[in-house]
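Biologist: Please put the model on the screen. I want to ask how each label is earned.

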Amino acid sequence: MPTVTSGGSSVGVVLVDGRWVSGSGGGSGSSDRDCEMTVTRIPVLEEIHIATDVIEGGIPVRVTCNPNGVDGDFWVPDADVSARAEAQRYAEEVLAPGLALEVNPPANILVGLPTWFWLDGWDGSPITTTVTAPWGDAVDLELTLERVDWTFGDGSPTESGDLGAAYPQESNIQHVYTHRSTSPGAPDGSYAVTAELHLGVRYWYGGGGPYTVDPISVTTSDDIVVRQLQAVLSRP
């Protein structure tokens, strides 16, 4: 956590859900300093010297702690921004690689017949995990499934639903293809089926929470081949 130092002691500052959380020695909680610390966001950076390095997703602030005389301009982290970024990283690096887009029938998908879709690898239950924020403190995350947007690759409109149901259950995510994906020049032509998961994010930090941030999304996809069954007539 960025610190403001004066007289051998320090105070850390983090923006959490629109309020400033400070702590002595760089930790979260209440400051033990003999003054009331004031943190003010700096709206304009021109010709203002910022004492600390720029923090990605951070906020420039002016910290004042009188009568001890702590006064300076600093970049401090925004816990909302960091929590959402860590949730996105978790979704992309941990959740998404474990998902598999499944289809029934698994082969011989045909024009005019319902095809069932579902995602394997997650049952949709809330996911909880603890991550380390860029400033070194622990942040507890919760990811919940809000909806899944399904795109079937044939130009039809996107449909919103859930993860679907695994065969032999009848999945509520179904699609009927009206055109084949193959052609004489591309006998193995395919449609790219995409499932975009929209996830709600909450976090706990510094003994407080839950705090809610904007939802995130992660995508998984697969290619399927759709063929057209043609009758073959033979002469007696």
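Modeller: Start with β14 and β15, in a model that is predicted. These two strands pair in the antiparallel sense over 13 bridges.

Biologist: What makes β14 and β15 count as paired?

Modeller: Two strands pair if DSSP finds at least two bridges between them. β14 and β15 have 13 bridges, so they count as paired. In one of these bridges, A192 has D223 in β15 as its partner.

Biologist: What lies between the two strands of this hairpin?

Modeller: Two residues lie between the strands, and G206 takes a positive phi near 60°. G207 is also in the loop between β14 and β15.

Biologist: Why is G207 called exposed?

Modeller: Exposed means over 50% relative accessible area. G207 has 89%, so it counts as exposed. The C-alpha atoms of G207 and V139 are separated by 9.9 Å, and the two residues are 68 apart along the chain.

Biologist: Now T220, in strand β15. Why is T220 called buried?

Modeller: Buried means under 20% relative accessible area. T220 has 11%, so it is buried.

Biologist: Which residues does T220 touch, beyond those up to four places away in sequence?

Modeller: T220 touches L99, L101, L119, V193, T194 and A195.

Biologist: Let us turn to the aromatic rings. How many aromatic pairs does the structure hold?

Modeller: The structure holds six. Take W116 and Y167, one tilted pair.

Biologist: Why is the pair of W116 and Y167 called tilted?

Modeller: Check the distance, then the angle. Rings pair if their centres lie within 6.5 Å, and these centres are 6.3 Å apart, so W116 and Y167 pair. Planes under 30 degrees apart count as stacked, over 60 as edge-to-face and the rest as tilted. The planes of W116 and Y167 are at 45°, so the pair is tilted.

Biologist: Where in the chain do W116 and Y167 sit?

Modeller: W116 is in strand β9, and Y167 is in the loop between β12 and β13. They are 51 residues apart, so the pair links distant parts of the chain.

Biologist: Is W116 buried or exposed?

Modeller: W116 has 19% relative accessibility, and the limit for buried is under 20%, so W116 counts as buried.

Biologist: What makes the pair of W135 and Y205 edge-to-face?

Modeller: The centres are 5.8 Å apart, which is within 6.5 Å. The planes make 90°, and over 60 degrees counts as edge-to-face. W135 sits in the loop between β10 and β11, while Y205 is in strand β14. The two residues are 70 apart.

Biologist: How do you know that W135 and Y205 are buried?

Modeller: W135 has 11% relative accessible area, under 20%, so it is buried. Y205 has 4%, so it counts as buried too.

Biologist: Which residues form one aromatic cluster?

Modeller: F117, W150 and F152 form one.

Biologist: Next, the nonpolar core. Which residues touch the most other members of the largest nonpolar core?

Modeller: They are F117, L141, L143, W150, L197, L199 and Y203, out of 44 residues in that core. The elements that give two or more residues include α1, β9, β11, β14 and β15. β14 gives the most, with eight residues.

Biologist: What does L141 touch, not counting residues up to four places away in sequence?

Modeller: Its contacts include A83, E86, A87, I127, V201 and Y203. A second, separate core has ten residues, among them V13, V63, F74 and V76.

Biologist: Which strands make up the open sheet of three strands?

Modeller: The order is β7-β9-β13, with antiparallel pairing.

Biologist: Why are β7 and β13 called edge strands?

Modeller: Each of them pairs on one side only. The twist averages 30° from one strand to the next.

Biologist: How do you know that β9 and β13 pair?

Modeller: Three bridges join them, and at least two are needed, so β9 and β13 pair. T115 stands opposite H175 in β13.

Biologist: Last, the whole chain. How many helices and strands are there?

Modeller: The chain has one helix and 16 strands. Of its 236 residues, 42% are buried.

How values were computed
Residues numbered from 1 in each chain as written. Predicted model: local features only at pLDDT ≥ 70, side-chain atom pairs only at ≥ 80, totals over all residues. Heavy atoms only, no water. Core = buried A, V, L, I, M, F, W, Y, C linked by side-chain atoms within 4.5 Å. Buried < 20%, exposed > 50% of the residue type's maximum accessible area, 1.4 Å probe, protein only. Helix = DSSP H or I, 4+ residues; strand = E, 2+ residues; numbered from the N terminus. Contact = heavy atoms within 4.5 Å. Axes fitted to C-alpha atoms, helices over the stretch in contact; angles between N-to-C directions.
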